[in-house]
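Here are my notes for you to read with the model open on your screen. Take the points one at a time and find each spot as you go.

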Amino acid sequence: MLTNDHIAELKEIVQTGRVLIDESDRYSYSFDASFGTYLPDAVVQTKSVEELAKIVKLANREGIPVYPRGQSTSLSGGPLPVHGGVVLDLSVMDDVLEIYEEDLVAVVSVGVLTSAIHKAAEEKGLIYPPDPSSSNVSTIGGNLAENAGGPRGLKYGVTKDYVIGLEVITPEGEIIQTGGRTVKNVTGYDLTKLIVGSEGTLGIITNAVLRLLPKPPATATLMAVFSNLVDAGRAITKILTSGILPSKMELMDRASIIAVENYHPMGLPTEAEAIILLELDGHPLAIKEEIAKAELLCFTTGASNVKIPKDDLEKEEIWKARKLVSPAIVRIKPTKISEDATVPRSKIPEMCERLQQIKEKYKVNLVVFGHIGDGNLHPNIICDKNDVEEMSRVEKAVTEIFTTAVELGGTLSGEHGIGHMKAPFMEMELGKAGLDMMKRIKAVWDPNNIMNPGKIFPKPGQKLELK
């Protein structure tokens, strides 16, 4: 709990921004896109790295929890102030966005929207590959904290694969630089990779150096329709073992197809059990040959129809369908549980089958879509959080989804992070010794446990709660 003396010291430190202590302001920072409401004691907005460092020194001295926050699009409770303390609103730090064409890098401050980086890079004939679905509203800082992915992760990898340097405020309030602007750098431990994906538990990222790539000269898109979800899973495996590496490969099951068609009619095949959306990029002649091969492979694995768009307008319409899944499905019921359990590619058909069994077992409204090419499924359960009996079934279904993913050699999260919602399942995946090693790293970096406490590591007896 912040004292009046703490608040006075915060206001003395923050000369270029604001310290928000009114209850109405603090409630605006008490939630994210996941579950739960946790009221912070104060919120700080400042563009000054030096002021942030002084705040962290104060917090470390006094044992005050500090919670870095971007646009709060987290689906796992990453920025929630579960122990009160101070929320640092980093979305205001959006002044730096510089593209260095010759070095193929971008230098950005953490409050810059990911979509702004995409736009700036493309204006120079380059791309920043990570493309989370929330890119129009999420900050690069949040992407760095959660190691975000996106549809292009299949071919290009995730956020950590494109971060070569960081500016970070340590839990003791020191400002350090990790990595740099060279693609090759093997000086000492790779602190950059350790911090990316640490969900704000090891430090506060304030600036980043991102690797860029030349923009591919051409793209091609395919939509394949299946009467069986498991057949769609087999088609994906077949394509990926044929020598074709799509830049995107997405899945929509029947529930998501119907939801999108009801939300925004565009002629989707509502009778289908699943559709696969595939994008290739590269040299025009190469992708012309590969898209024809992919079409044939879809038919040989049970596709009832395959559509290849003739122009950019048709391509955009197809990909728009995938983008509309999230807003469409919440029209069914008001509450959406968004998960992202990931399995090895060879286990995709089995995971699809198991998800259907879970849906029937717990009588839940389960919608399956996601980045199927890299095994990163998004099983979403549509429900009503005010229905206690339904939410009890949903909790059991989510638990079984996680258990199934781990049993199949997969992981709890491909890109949404652990936050506080998935913390109870960490030992199931990592084992006691593996989780203990992470705790020891955290203890060395942050001995006073001020940096985003209550995340990743479960409390004794902690369980998933969605009620």
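1. Start at the hairpin of E17 and E18, where four residues sit between the strands. Gly 375 in this hairpin has a positive phi near 75 degrees. Strand and helix labels are DSSP runs numbered from the N terminus, with at least two residues for a strand (E) and at least four for a helix (H or I). You're looking at a predicted model, where local features need pLDDT of at least 70, side-chain atom pairs count only at pLDDT 80 or more, and totals for chains, interfaces and linings use all residues. Residues are numbered from 1 along each chain as its sequence is written, and side-chain values use heavy atoms, with hydrogens and water left out.

2. Now follow the two strands of that hairpin. E17 and E18 are antiparallel and share seven bridges; two strands count as paired if DSSP finds at least two bridges between them. Across from Gly 370 you'll find Leu 377 in E18. E17 is mostly covered, with six of its seven residues buried. Here "buried" means under 20% relative accessible area, "exposed" means over 50%, and "partly exposed" is in between, using a 1.4 Å probe and protein chains only.

3. On to E13, which spans residues 248-253. Two bridges join E13 to E17, again antiparallel, and Met 252 faces Phe 369 in E17. E13 also runs antiparallel to E14 (residues 274-282), with six bridges between them. One pair to click on is Leu 251 with its bridge partner in E14, Ile 276.

4. Zoom out: which order do the seven strands of this open sheet take? They go E15-E12-E14-E13-E17-E18-E16, with antiparallel pairing. E15 (303-307) and E16 (335-338) are at the edges with a single partner strand each, so one side of each has no neighbour in the sheet. From one strand to the next, the twist averages 20 degrees. As a reminder, strands of a sheet pair through backbone hydrogen bonds, either parallel or antiparallel.

5. Two helices to look at on this sheet. Helix H9 (residues 254-263) packs on the sheet and touches E13, E14 and E17 (365-371), with its direction at about 85 degrees to that of E13. Contact means heavy atoms within 4.5 Å. The angles run from 0 to 180 degrees between N-to-C directions, with axes fitted to C-alpha atoms, for helices over the stretch in contact. Helix H11 (residues 312-323) lies across E12 (218-226), E13, E14, E15, E17 and E18 (376-383), at about 55 degrees to E12.

6. There's also an open sheet of five strands, in the order E5-E6-E10-E8-E9, with antiparallel pairing. Its edge strands, E5 (97-100) and E9 (175-179), each pair on one side only. Ignoring direction, neighbouring strands here are turned by 15 degrees against each other on average.

7. Inside that sheet, E8 (residues 163-169) and E10 (residues 204-211) pair antiparallel over six bridges, and Glu 167 has Asn 207 in E10 as its bridge partner. Helix H4 (residues 114-123) packs on the sheet, touching E5, E6 (105-109) and E10, and its direction makes about 35 degrees with that of E5. Helix H3 (residues 49-62) lies across E8, E9 and E10, at about 55 degrees to E8.

8. Next, a quick backbone check. Most residues other than glycine have a negative phi. Ser 72 is not a glycine, yet has a positive phi of about 60 degrees. Ser 72 sits in the loop between E3 (66-69) and E4 (86-89); is Ser 72 buried or exposed? Ser 72 is buried, at 13% relative accessible area. Asn 147 also has a positive phi, near 55 degrees, and lies in the loop between helices H5 (140-146) and H6 (153-156). Asn 147 is buried too, at 15%.

9. Finally, where is Val 406? Look in helix H14 (residues 388-407). Not counting residues up to four places away in sequence, Val 406 touches Leu 412, Met 428 and Glu 429. From Val 406 to Asp 32 it's 26 Å, C-alpha to C-alpha, and 374 residues in sequence.
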